[in-house]
Structures are given as structure tokens and as C-alpha cells.
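Let's take a walk through this protein together, one piece at a time. Keep the 3D view open as you read.

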Amino acid sequence: MNKMPLYLDSASTTPVDPRVIEAMLPYFSEIFGNASSNHIYGKQAKNAIEVAREQVAKLINADNKEIIFTSGATESINLAIKGFVEANVDKGNHIITVKTEHKAVLATCEYLETKGFEVTYLDVGENGLVLLDDLTSAIRNTTLLIAVMYVNNEIGAIQPISKIGKIALNHNICFFCDATQAVGKIKVDVELDNIDMLCFSGHKLNGPKGIGVLYKKSNVELTPLFHGGGQENGLRAGTYNTPLIVGLGKACEIIAHEMDETISNLLEKRNELEKYYEENNIGIVNFKHINRAPHILSITLNEIQADEFLMLKAKDFTASTGSACNSSVISESHVLLALNHKNKNIIRISIY
């Protein structure tokens, strides 16, 4: 049997923790009731969901009632942005976001532009961070929403989220944060950071795929994407996926207990990788002197293109390039373009 290469693409997905699998298993065949049913089978499932809701809420310092379960961060992003502007269209039509956001945010904003909403796409500095003066200057009387990600998925830059949240609070603007690459890798506190809505996915933090979270403050009004049921206080119709919800809750519980150890281990691994690439003259670590999440490295290779390098090293390890691939058509990364990194020599290594 061939030896599998070392996995260095955890920003894409992570393996499910065995403890999470163990927690999920009974809900596939033993405790299988529909959580919306009033009989004992349904109540068993509903109780498990509420335990998971509490586990998720504790991780980000939220109230249980503020947690909405979704299929993942992409759905959460759509529910947060579309749902908010539709529910609050009488208050304005302007959104502020950043050119280096995840495509799920950018594509949602581009869609809303076709519906008459106005969107400002902020530039970032050379360190990948939002310029707070630019953010403040972009605010209008019609600004409804500010959407800024916590950790960039390509370069690992940590945005000044608490400062952005304070600006939004002072201007009475809703602040949405995509924290998909932050939760589980750095400490996230929605109260300290003045975040009104936040999302993340289970599969980025050693939980199952197909399950995610939207945190929403109780005073934030949304219009649902799905209609047909009263689940999640009417905001997310559809039968509860109890096993995945239980798995996500368990993953969050594990992270909460092991956060300091996890961060320490990630930093140790990252430092070793950075030292290896630079001391062996393979490449230069980008953005080394900015505030970065501990699990993402961006490396500019010295003498070879990223695609060729990863192909040559495919038997040794797996990582990703700074390019987005769709149907075999490679286009330059919108994040790197926003940072004026236009070469194709950059790889992303991400660890767990």
C-alpha cells in the first residue's frame, strides 16, 4: 500500500476528530428521531441539539438562543447578508466589504448589486489589513452592513476585528464577520469584538462536513432563505441533521478545552516549516511580521512556479497554490491581486 503524502491543506478541510465521530454515531441509528416531533424519539434528538447549541455558544461567548445551525459557512454568509439587507431595506441600501473577502461574501454582494444595492469594496494595505480610516470614510447615511472576515484564508492575516466592530457600533451599523478560519485557531469572543453576526463551518475545526453556524444577536432581524418550517426560530426551515449538529457541538467543546495547547502546537509546527523553507533556500515566508493566524503560511518560492512545485512534491505532501481552479481553468487569486502579488510562485501551507 502506497504511503499517503503529508496533509498540509487544513484551511481547505480537516479530518474529523475520533471523539467527534464517537459522539455522532448513536444519532444515526439509535437516537434517530426527528427533533421537531413531540414524542420521546423527537425529544431525545432535540435535547442533543440543544446541548450542541450550548457547546457552540460557549466557544464564542454567545447566548444559546443566538446560534443558528446551517449547512456550512457559505449558507450562513448568504443568510446573514441577504437576510439582513432584505429585512432592513427600509433603512438603507449600502454595504461595505473588502476585496480580499472569501468568494462567498464577494459573490453574494455582487448578486445584491444586481438587485439595486450599492457595495463598497475596500482595498487593503500591503499587510492585508483593512485601513480603518478608509472604512470610516466609506460609511454613508445609507450604510446597512459592514462585512469583514476575521482571518484571511490565503495569507492568514488577522483583521483588527474589535476596532472594526467598535466603528460599526458607533455608527449603528450591523457588523458581520466570516470567522471560518478563525474559530478553533484563535480565541474569538463576539461580545468583546462587538460582532453582530458571525459564521463558521464544522469541517474546518475537526468536525463533520455539511454543518455550520450563524451567530446572530437577538436584536438583529433577518429574512430567511428557506421557507416551509419553523426550525431555528423560523430562520432555517428543514429537518434537523442531528448527527452533524452533535458532531459540531462536540468539536467546539474539545476546542474550548484544548485551545491553548492547540495554538501552541500550531505555532511550533509553523515555525518549523518556516525555518525549513528559508534555511534550505526554497522560498520566502510572506507576511511574516504581521498578526497572523497560527495555521496558515504563505510562501513565495524562489526558483519554481507553484503548480510545478506542488506537482513535483505530490508524493511528499499536499498543499495549495495562490490560484483558484475552476474546471481546469486557472485564474490568479483575487487576494494576491489585491495585495499586488501577481506572480504564480506562491503556495499556501495550512496545518492542524
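**A tour of sheets, helices and loops**

Strand β10 (residues 296–301) and strand β15 (residues 346–350) run antiparallel to each other and are joined over five bridges. If you want a spot to look at, find L297, which stands opposite I349 in β15. Keep in mind that what you're looking at is a predicted model.

Now step back to see the sheet that this pair belongs to. The sheet is an open one with four strands in the order β9-β10-β15-β12, and the pairing is antiparallel. At the edges you'll find β9 (283–285) and β12 (320–321); each has a single partner strand, so one side of each has no neighbour in the sheet.

There's another sheet to visit. This open sheet has seven strands, ordered β2-β8-β7-β6-β5-β3-β4, and its pairing is mixed. Which strands stand at its edges? They are β2 (67–70) and β4, each with a single partner strand, so here too one side of each is left without a neighbour in the sheet. Going from one strand to the next, the twist averages 20 degrees.

Let's zoom in on the β2 end. β2 pairs with β8 in the antiparallel sense, over four bridges. One place to see this is T70, whose bridge partner in β8 is G212. Helix α3 lies across β2, β7 and β8, and its direction makes about 115 degrees with β2. Helix α4 packs on the sheet as well, touching β2, β3, β5, β6, β7 and β8, and it runs at about 160 degrees to β7.

Over at β4, have a look at L122, which lies in that strand. Is L122 buried or exposed? With a relative accessible area of 7%, L122 is buried, because anything under 20% counts as buried. Leaving out residues up to four places away in sequence, L122 touches I96, T97, V98, K99, V130, D134, L135 and A138. Then there's A338, 216 residues away along the chain from L122, yet the C-alpha atoms of the two are separated by 9.8 Å.

Helix α5 (residues 103–113) is our next stop. Its buried residues are A104, V105, L106, T108, C109 and L112. As a bit of background, an α-helix has 3.6 residues a turn, so residues three or four places apart point the same way. What do the buried residues of α5 pack against? Their neighbours are the helices α4 (73–87) and α10 (334–338), along with the strands β3 (94–98), β4 (118–122), β5 (143–147) and β6 (174–178).

Let's go back to α3, since that helix has a helical partner too. Helix α3 (residues 40–60) packs with helix α8 (residues 242–279) at an angle of about 35 degrees, and their axes are 8 Å apart. The crossing of the two is left-handed. On the α3 side, the residues in contact are A45, A48, I49, A52, Q55, V56 and L59, and they meet T242, I245, V246, L248, G249, K250, C252, E253, I255, A256 and M259 in α8. Sorted by class, this contact has 13 nonpolar, three polar and two charged residues.

One of those α8 residues leads us to the cysteines. How many disulfides are there? The count comes to zero. Take C174: the closest cysteine sulfur is that of C177, and at 12 Å it is too far for a bond, because a disulfide needs the two sulfur atoms within 2.5 Å. C252 is in no disulfide either, as its nearest cysteine sulfur, in C199, is 13 Å away. C174 is buried, at 7% relative accessibility, and C252 is buried too, with a relative accessible area of 0%.

Finally, drop by two loops. N206 is in the one between β7 (197–201) and β8 (212–216). Its phi is near 65 degrees, a positive value in a residue other than glycine. N206 counts as partly exposed, at 24% relative accessibility. E232 lies in the loop between β8 and α8. The phi of E232 is positive as well, near 55 degrees, and this residue isn't glycine either. With a relative accessible area of 6%, E232 is buried.

Terms used
Residues are numbered from 1 along each chain as its sequence is written. This is a predicted model: local features need pLDDT of at least 70, side-chain atom pairs count only at pLDDT 80 or more; totals for chains, interfaces and linings use all residues. Side-chain values use heavy atoms; hydrogens and water are left out. Axes are lines fitted to C-alpha atoms, for helices over the stretch in contact, and angles run from 0 to 180 degrees between N-to-C directions. A crossing is left-handed if the near helix is turned anticlockwise from the far one by less than a right angle, and right-handed if clockwise. Contact means heavy atoms within 4.5 Å. Ala, Val, Leu, Ile, Met, Phe, Trp, Tyr, Cys and Pro count as nonpolar, Asp, Glu, Lys and Arg as charged, and the others, Gly among them, as polar. Buried means under 20% relative accessible area, exposed over 50%, partly exposed in between (1.4 Å probe, protein chains only). Two strands pair if DSSP finds at least two bridges between them.
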